[in-house]
Amino acid sequence: MKRLRELVRAAGDAALQLTLPLFEAPPALPPRAPVAWPPRPEAPPPRGPVARTLPPVEPRTTPPGRGRRVAKLGPHAVEYELRRSRRRTIGFFVDDTGLRVTAPRWVTVSEIDAAIADKQGWILRKLVEWRDHAERRERLTVRWEDGGRVAFVGHELTMRLSARADAPAVSLDGDTLRVALPPGAGTEQLRDTVQAWLQREARALFERRLPIYVERLGRGPTRWRLSSARTRWGSCAPDGSIRLNWRLVHFPLEIVDYVIAHELAHLEEMNHGPRFWATVQSILPGFEAARRQLKDFPDDLTLS
Ligand SMILES: [Zn+2]
């Protein structure tokens with residue numbers, strides 16, 4: 001059994017190196033309406049070991065078929081796919097389809113069950129991470145069609161399409177985003193048109209919010225630019241310039257302000273030490289709530 005545990009540990013560590021898809025990868029889930037936005041005001045999920053209710057990892061309604069088994073992990077019944085392989089170790093893999101276990105043919109089912117029990121903390125944590133990831137991505141995934149929803153400064157806009165002969169036009173009308181497109185325009189043209197509008201709005205929003213925090217800090221960036229980086233919400237360069245990701249325009253104002261305050265604070269402190277956080281606190285008291293909210297999106301974009 002000791003040897004088995006070692007094998008399990010080695011295999012589990014390899015599976016920990018999961019890379020998660022980027023922001024605008026194709027949706028992993030079929031579109032579902034309505035889209036929940038802004039994020040529910042519930043407490044953010046705890047970090048570290050699993051300590052929350054886990055309804056979505058209850059067994060699926062389909063009975064376990066060939067190769068599908070159910071493991072009891074504490075109070076949770078988790079369905080998984082068992083594959084026999086020629087490998088010499090037991091492997092655990094968690095992705096958006098659930099848990100998969102591969103095991104050598106000579107390992108008995110009870111040994112596999114014991115190995116799963118041994119690894120249950122990791123398994124449950126990964127299942128929760130993937131479920132949360134799918135939910136977050138679904139919230140940010142726009143269906144580019146009439147009636148599709150777009151998150152805009154924490155509000156949810158519904159796109160209404162119409163045709164017009166000349167250039168595309170976008171206008172905001174309450175919670176409705178009216179988009180007029182030339183006849184025959186496709187999904188891509190709708191997306192490009194709305195994203196161009198969002199970028200203009202992001203620029204205008206940042207231009208309104210930046211001076212507030214520049215004044216509080218007593219200094220400003222040498223320049224700032226809009227970014228569409230796939231990996232960063234914002235950044236501050238040693239030359240004192242700042243980049244802000246236009247996709248922040250999807251988020252509530254508190255988060256936009258936090259990213260701005262965070263990057264401006266780097267003008268004082270080019271690190272994330274205590275003095276840096278004290279600087280953020282001095283220009284944006286109570287920033288922690290926004291910071292926690294943004295951390296719910298860590299697998300896609302980070303802050304530097
Ligand atoms: Zn930073």
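Which residues have the most contacts inside the largest nonpolar core? They are Val-150, Leu-248, Ile-255, Val-259, Ile-260 and Ala-261. The model is predicted. Its largest nonpolar core holds 39 residues, and a second, separate core holds 18. An open sheet of 4 strands is packed against helix α4.

**Sheet**
- The strand order is β5-β6-β8-β7. Pairing in this open sheet is mixed.
- Strands β5 (149-152) and β7 (169-173) form the edges. Each of them pairs on one side only.
- On average, neighbouring strands of the sheet are turned by 30° against each other, direction ignored.
- Strands of a sheet pair through backbone hydrogen bonds, parallel or antiparallel.
- β5 and β6 (residues 155-163) run antiparallel, joined by 4 bridges.
- Phe-152 stands opposite His-155, a residue of β6.

**Helix on the sheet**
- Helix α4 spans residues 187-217 and packs on the sheet.
- α4 touches β5, β6, β7 and β8 (176-181).
- The direction of α4 makes about 125° with that of β8.

**Nonpolar cores**
- In soluble globular proteins, nonpolar side chains tend to be buried together.
- The largest core counts 39 residues. α4 gives the most to this core, with 9 residues.
- Ala-261 is among the residues with the most contacts inside the core. Leaving out residues up to four places away in sequence, Ala-261 touches Tyr-213, Val-280, Ile-283, Leu-284 and Phe-287.
- The second core is separate and has 18 residues. Among them are Leu-73, Ile-90, Ala-115 and Val-128.

Technical notes:
Residues are numbered from 1 along each chain as its sequence is written. This is a predicted model: local features need pLDDT of at least 70, side-chain atom pairs count only at pLDDT 80 or more; totals for chains, interfaces and linings use all residues. Two strands pair if DSSP finds at least two bridges between them. Helices (H or I, at least four residues) and strands (E, at least two) are DSSP runs, numbered from the N terminus. Axes are lines fitted to C-alpha atoms, for helices over the stretch in contact, and angles run from 0 to 180 degrees between N-to-C directions. Two residues are in contact if their C-beta atoms, placed from the backbone, lie within 7 Å. A nonpolar core is a set of buried Ala, Val, Leu, Ile, Met, Phe, Trp, Tyr and Cys residues joined through C-beta atoms within 7 Å. A residue is buried if 20 or more other C-beta atoms lie within 10 Å of its own, exposed if 12 or fewer, and partly exposed in between; C-beta atoms are placed from the backbone.
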